[in-house]
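Here is a short report on charged pairs and surface exposure. The sequence and structure come next.

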Amino acid sequence: MEKKKTTPKTPRKKAAPRPKSKNTPENFFIVLQLIEFEAISLRKALERLGVNSNAFEKWLDSSELNQMQYARAREKRADLIFEEMKEIADKQDKDVYIDHEGNERIDHNVIHRNKLQIDTRKWMLSKMQPKKYGDKIDITTKDKEINTVNQTIPTEIIQQIADKL
């Protein structure tokens, strides 16, 4: 009997390990921390971690606790942005410069840029947290002062009404 020649088997290539999913609850909590502590948008936080926005929304919808944590992170982000506005307004280190003749000059470009930064943040806050940071519009009094009159009904009248009942 003749022996068949066998060709040496080539080892099978192992399938490349599947990359670990970045759509994990741990990463979702990191997204919340980025929003809360770095005051960045949800989109930027998701991009930074490579988390899918649809997966995050499903996670968010899966629990009322998740929704409350997200709402808290957004409120904290708004508070941080508000604090940034104060820092920008208080910043004076670049408002004045020394020109080539040694004279102090006001750099209006810096001042205008700071004003733009503050105005942009004010607008953002009014949209993010309108009850807290939005413009208060009086739609009931037409800018007239409301006088409340605290009148008390005399006890005799109350007694007469009670007697009729």
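## Asp79 and its partner

In this predicted model, Asp79 has a relative accessibility of 24%. That value lies between the 20% limit for buried and the 50% limit for exposed, so Asp79 counts as partly exposed.

Asp79 forms a salt bridge with Lys132. The closest N and O atoms are 3.0 Å apart, and the cut-off for such a pair is 4 Å. This bridge links distant parts of the chain. Asp79 sits in helix H4, residues 64-90. Lys132 sits in helix H6, residues 130-133. The two residues are 53 positions apart.

## A link between H4 and H5

Which residue forms a salt bridge with Arg121? The partner is Glu84, with the closest N and O atoms 3.0 Å apart. Arg121 belongs to helix H5, residues 108-128, and Glu84 to helix H4, so the pair ties together parts that are 37 residues apart in sequence.

Both ends have accessibility values in the partly exposed class. Arg121 has a relative accessibility of 21%. For Glu84 the relative accessible area is 29%.

## A pair within H4

Asp90 pairs with Lys86 in a salt bridge. Here the closest N and O atoms are 2.8 Å apart. Both residues lie in helix H4, 4 residues apart, so about one helical turn separates them.

Are Asp90 and Lys86 partly exposed or exposed? Asp90, at 49% relative accessibility, counts as partly exposed. Lys86, at 53%, counts as exposed. The class boundary is 50%, so the two residues get separate labels.

## The wider set of salt bridges

How many salt bridges does a search of the whole structure find? The total is 9. Among the residues involved are Lys115, Asp119 and Lys122, which are linked in a network of salt bridges.

Side chains of opposite charge can pair when their charged atoms come close.

## A nonpolar surface patch

The surface also carries a nonpolar patch of about 370 Å². Ile153, Ile157, Ile158 and Ile161 make up this patch.

Ile158 is found in helix H7, residues 155-164. At 45% relative accessibility, Ile158 counts as partly exposed. Patch residues need over 30% relative accessible area, so the 45% of Ile158 meets that cut-off.

Technical notes. Residues numbered from 1 in each chain as written. Predicted model: local features only at pLDDT ≥ 70, side-chain atom pairs only at ≥ 80, totals over all residues. Heavy atoms only, no water. Salt bridge = Lys/Arg side-chain N within 4 Å of Asp/Glu carboxyl O. Buried < 20%, exposed > 50% of the residue type's maximum accessible area, 1.4 Å probe, protein only. Patch = residues over 30% accessible without salt bridge, like charges linked within 9 Å, V, L, I, M, F, W, Y side chains within 5 Å. Areas by Shrake-Rupley, 256 points an atom, 1.4 Å probe, with all protein chains shown as cover.
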